[in-house]
Amino acid sequence: MNENKVKAEIKLQSKKTPALHSNMGTSWFMALKQEFSKPYFDELSKFLDNKRNQATVYPPADQVFSWTHHTDLEDIKVVILGQDPYHGVKQAHGLCFSVQKGIAPPPSLLNMYKELEDDIPGFTRPSHGHLIGWAKQGVLLLNACLTVTAHQANSHKDRGWEKFTDAVIMEISKRNFGVVFLLWGSYAQKKAAVVDKKKHHLLCSTHPSPLSAHRGFLGCKHFSKCNELLKKGGKKPIDWGYLPLEL
């Protein structure tokens with residue numbers, strides 16, 4: 001199906017649940033469109049419509065699926081899994097651990113930068129937390145839940161997003177080969193259940209949060225290990241230092 005036909009189908013589908021997937025990238029839409037007709041997705045749509053009428057929800061509706069626009073499904077090389085979006089003002093923009101321009105890097109991301117400084121020779125910590133440069137290289141920055149109510153962490157848990165992101169990971173696992181999954185913390189590690197471990201690589205540690213980073217994340221060397229696995233598979237490694245503010 002060509003891109004114009006896909007866009008027409010997205011427009012038709014979005015009339016049914018406009019808040020959720022009207023801004024989805026074409027390759028991801030075609031792979032996941034069967035999810036949109038399932039009862040859980042309809043319930044999730046209704047929940048979000050009601051919640052947005054009552055309170056502020058992050059990220060904004062047009063950025064919930066921004067992760068589908070930076071890398072096509074078939075080009076994914078690395079998956080970093082988060083729990084749910086940042087719930088502070090203007091932080092979340094659809095990529096886990098990443099924040100919008102002009103927003104200071106949160107503590108978990110600062111610990112990621114600290115580990116990168118120790119793990120990747122020449123890595124220089126940027127002054128911002130905008131991680132689009134990784135996404136453009138094939139790093140999927142995916143949260144298990146894609147929305148959150150302002151100032152209420154994990155408030156959209158068990159509303160349907162987990163089923164949807166399981167479907168995302170299953171499609172990556174099925175369609176690709178040699179993807180490196182970076183699973184930090186028990187919440188992310190649950191997603192390993194839907195990954196074909198004969199085809200892909202799983203690197204697990206504690207979460208980079210200040211509450212747990214010193215129990216295994218700091219010193220895990222996941223960024224260099226990830227690149228070694230990619231090179232062994234004949235893929236170009238990730239330039240973790242490529243984090244320009246403008247792309």
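Residues 24 or more positions apart account for 67% of the contacts in the protein that have a separation of 6 or more. The model is a predicted one, and the protein in it contains 10 helices and 6 strands.

**Overall dimensions**

A compact globule of 247 residues would have a radius of gyration near 18 Å, and the protein agrees with this, since its value is 17 Å. Measured out along the principal axes, the box filled by the C-alpha atoms is roughly 50 × 40 × 35 Å. Of the 247 residues, 54% count as buried. The accessible surface comes to about 11400 Å², and carbon and sulfur atoms hold 51% of that area. As to charge, there are 33 positive and 23 negative side chains, and the centres of these two sets lie 2 Å apart.

**The nonpolar core**

The largest nonpolar core has 68 residues. W28, W67, I80, W134, F164, I172 and W240 are the members with the most contacts inside this core. Helix 8, which spans residues 161–175, gives the core its largest share, with 6 residues.

W28 shows how such a residue is surrounded. Not counting residues up to four places away in sequence, W28 touches W67, T68, T71, D72, L73, I76, L140, V168 and I172. Two of these partners, W67 and I172, are themselves listed with W28 among the residues with the most contacts inside the core.

A31 belongs to helix 3, which covers residues 26–32. A31 is buried because its relative accessible area is 3%, under the 20% limit. Leaving aside neighbours within four places in sequence, A31 is in contact with L73, E171 and R175. L73 thus appears beside A31 and is also touched by W28.

**Backbone features in the loops**

Most residues other than glycine have a negative phi, and most peptide bonds are trans. Three places in the loops depart from this pattern.

The peptide bond from Y58 to P59 is cis, with omega near -10 degrees. P59 is found in the loop that runs between strand 1 (57–58) and helix 5 (67–70).

K90 has a positive phi, near 60 degrees, although it is not a glycine. This residue sits in the loop between strand 2 (78–82) and helix 6 (107–119). K90 counts as exposed because its relative accessibility, 56%, is over 50%.

H151 likewise is a residue other than glycine with a positive phi, in this case near 65 degrees. Its loop lies between strand 4 (148–149) and helix 8. With a relative accessible area of 55%, H151 is exposed.

**Accessibility and separations**

The table sets four residues side by side by their relative accessibility.

| Residue | Location | Relative accessibility |
|---|---|---|
| K90 | loop between strand 2 and helix 6 | 56%, exposed |
| H151 | loop between strand 4 and helix 8 | 55%, exposed |
| K46 | helix 4 (residues 39–54) | 43%, partly exposed |
| A31 | helix 3 (residues 26–32) | 3%, buried |

Two of these residues also serve to give distances across the model. K46 and V99 are 53 residues apart along the chain, and their C-alpha atoms are separated by 27 Å. A31 and A92 are 61 residues apart along the chain, with 25 Å between their C-alpha atoms.

Terms used
Residues are numbered from 1 along each chain as its sequence is written. This is a predicted model: local features need pLDDT of at least 70, side-chain atom pairs count only at pLDDT 80 or more; totals for chains, interfaces and linings use all residues. Side-chain values use heavy atoms; hydrogens and water are left out. A nonpolar core is a set of buried Ala, Val, Leu, Ile, Met, Phe, Trp, Tyr and Cys residues joined through side-chain atoms within 4.5 Å. Buried means under 20% relative accessible area, exposed over 50%, partly exposed in between (1.4 Å probe, protein chains only). Helices (H or I, at least four residues) and strands (E, at least two) are DSSP runs, numbered from the N terminus. Contact means heavy atoms within 4.5 Å. The radius of gyration is taken over C-alpha atoms; the globule rule is 2.2 Å times the number of residues to the power 0.38. Accessible areas come from the Shrake-Rupley method with a 1.4 Å probe; for residues, only the protein chains shown count as cover. Lys and Arg count as positive and Asp and Glu as negative; His and the chain ends are not counted. The place of a charge is taken as NZ of Lys, CZ of Arg, CG of Asp or CD of Glu.
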